[in-house]
Amino acid sequence: IRLRETNITNIQVPQISSNRVNIIHETPTGRLYVGTDANQIDICENNQCKPLVIKTSVDGNGVRDVFEESRNSIWLATYSGIINIRNGKEIQYSAAQGMPADDFRTILKDRQGNFWFGSRSGGLVKFRDGKILKLYGQKNGLESNYIMAVTETSNGDIYVGTHSGGMSIISPDGSIRTYHLREDDAGILLFNIDEDKQGRIWVMANTGPALFDGDSLRSITLQQDTKGKTYFDWIDDERGSIWITTSIGVIQID
């Protein structure tokens, strides 16, 4: 894999509420939702950002994920639970309302209309119409309760990346199988899982990128790899390049 360093200059950046950005969610129309550690989200269009204040307190821990269901319905994953902002009103789903935890960090809505909420300590929640359909964790199918990533692939499988518990695949029939990068995955964080146009599954671990070939997870060694670097995210720009965020900058892969 060839790497290319790019110097980025003279870019106008719209003002947002905080420099500590946790998530950027892009809608099909190009609208951007920016989740930060402030008690609000920023909605950016046409190079302008407007704040949407969150009335429910997130205790300074900010927004970890955003999903726009419609213009009038936005879902937020926070460390104070899941928050649904619908027509200006907020509904909070936390431990006090029956959730297995408060510390949620990821949201997925699948093609069947089900939501999947991943938490740091309570595992994965399958959710619909205000109700918990099923819980997944160490007691029922997963090898970790710390969920880092949730992705639906083209065949309807739900891929779950965890902290120290490998990658689990939940099939539409309910069966679960788990794969590991190492025999002992302690300390391995699977931050991001992405399916490309060829149906290949790319996984971003804190130790670097990996490829799932249908039978196993295998690490990919980059030609220019700096020791001590931590890898976080993998984005396919659909123009032939991959972008990887790391602890010391951004890598572009041709």
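Q: What makes β19 largely enclosed by the rest of the structure in this predicted model?
A: 5 of the 5 residues of β19 are buried, so the strand is largely enclosed by the rest of the structure. Buried here means under 20% relative accessible area.

Q: Which residues of β19 point one way, and which the other way?
A: Ile201, Val203 and Ala205 point one way, while Trp202 and Met204 point the other way, and all are buried. In a regular strand the side chains alternate between the two faces of the sheet.

Q: How do you know that β18 and β19 count as paired strands?
A: Pairing needs at least two bridges, and β18 and β19 have 5, in the antiparallel sense. One of the bridge partners is given by Asn192, which is matched with Met204 in β19. The hairpin of these strands has 5 residues between them, and Gly199 takes a positive phi near 85° there.

Q: What makes β19 and β20 a pair?
A: Against the requirement of at least two bridges, β19 and β20 are joined by 5 and run antiparallel. Ile201 has Phe212 in β20 as its bridge partner. The hairpin formed by β19 and β20 has 2 residues between the strands.

Q: Which residues touch the most other members of the largest nonpolar core, and which strand supplies the largest share?
A: The core has 15 residues, of which Met167, Val203, Phe212 and Leu217 touch the most other members. Strands β16 (167-170), β18 (190-195), β19 (201-205) and β20 (208-212) each supply at least two residues. The largest share, 3 residues, comes from β19. In soluble globular proteins, nonpolar side chains tend to be buried together.

Q: Why is the link of Cys44 and Cys49 called a disulfide?
A: The cut-off for the two sulfur atoms is 2.5 Å, and Cys44 and Cys49 have an S to S distance of 2.0 Å, so they are joined by a disulfide. A search of the whole structure finds 1 disulfide. The link of Cys44 and Cys49 is right-handed, with 105° about the S-S bond.

Q: Why is Cys44 called buried?
A: Its relative accessible area is 10%, and the limit is 20%, so Cys44 is buried.

Q: Why is the pair of Trp75 and Tyr93 called stacked?
A: The structure holds 14 aromatic pairs. In the pair of Trp75 and Tyr93 the ring centres are 6.1 Å apart, within the 6.5 Å cut-off, and the planes are at 15°, under 30 degrees, so the pair is stacked. Trp75 lies in strand β7 (residues 73-78) and Tyr93 in strand β9 (residues 89-93), 18 residues apart.

Q: Why is the pair of Trp75 and Phe115 called tilted?
A: The centres are 4.5 Å apart and the planes are at 40°, which falls between the limits of 30 and 60 degrees, so the pair is tilted. Trp75 lies in β7 and Phe115 in strand β11 (residues 115-119), so the pair ties together parts that are 40 residues apart in sequence.

Q: How do you know whether Trp75, Tyr93 and Phe115 are buried or exposed?
A: The relative accessible area is 4% for Trp75, 15% for Tyr93 and 4% for Phe115. Each value is under 20%, so the three residues are buried. Ring pairs link them into a cluster with Phe67, Phe104, Phe117 and Phe127.

Q: What makes β6 and β9 edge strands?
A: The open sheet has 4 strands in the order β6-β7-β8-β9, with antiparallel pairing. β6 (63-70) and β9 each pair on one side only.

Definitions and conventions: Residues are numbered from 1 along each chain as its sequence is written. This is a predicted model: local features need pLDDT of at least 70, side-chain atom pairs count only at pLDDT 80 or more; totals for chains, interfaces and linings use all residues. Side-chain values use heavy atoms; hydrogens and water are left out. Buried means under 20% relative accessible area, exposed over 50%, partly exposed in between (1.4 Å probe, protein chains only). Rings of Phe, Tyr and Trp (its six-membered ring) pair if their centres lie within 6.5 Å; planes under 30 degrees apart count as stacked, over 60 as edge-to-face and the rest as tilted. A nonpolar core is a set of buried Ala, Val, Leu, Ile, Met, Phe, Trp, Tyr and Cys residues joined through side-chain atoms within 4.5 Å.
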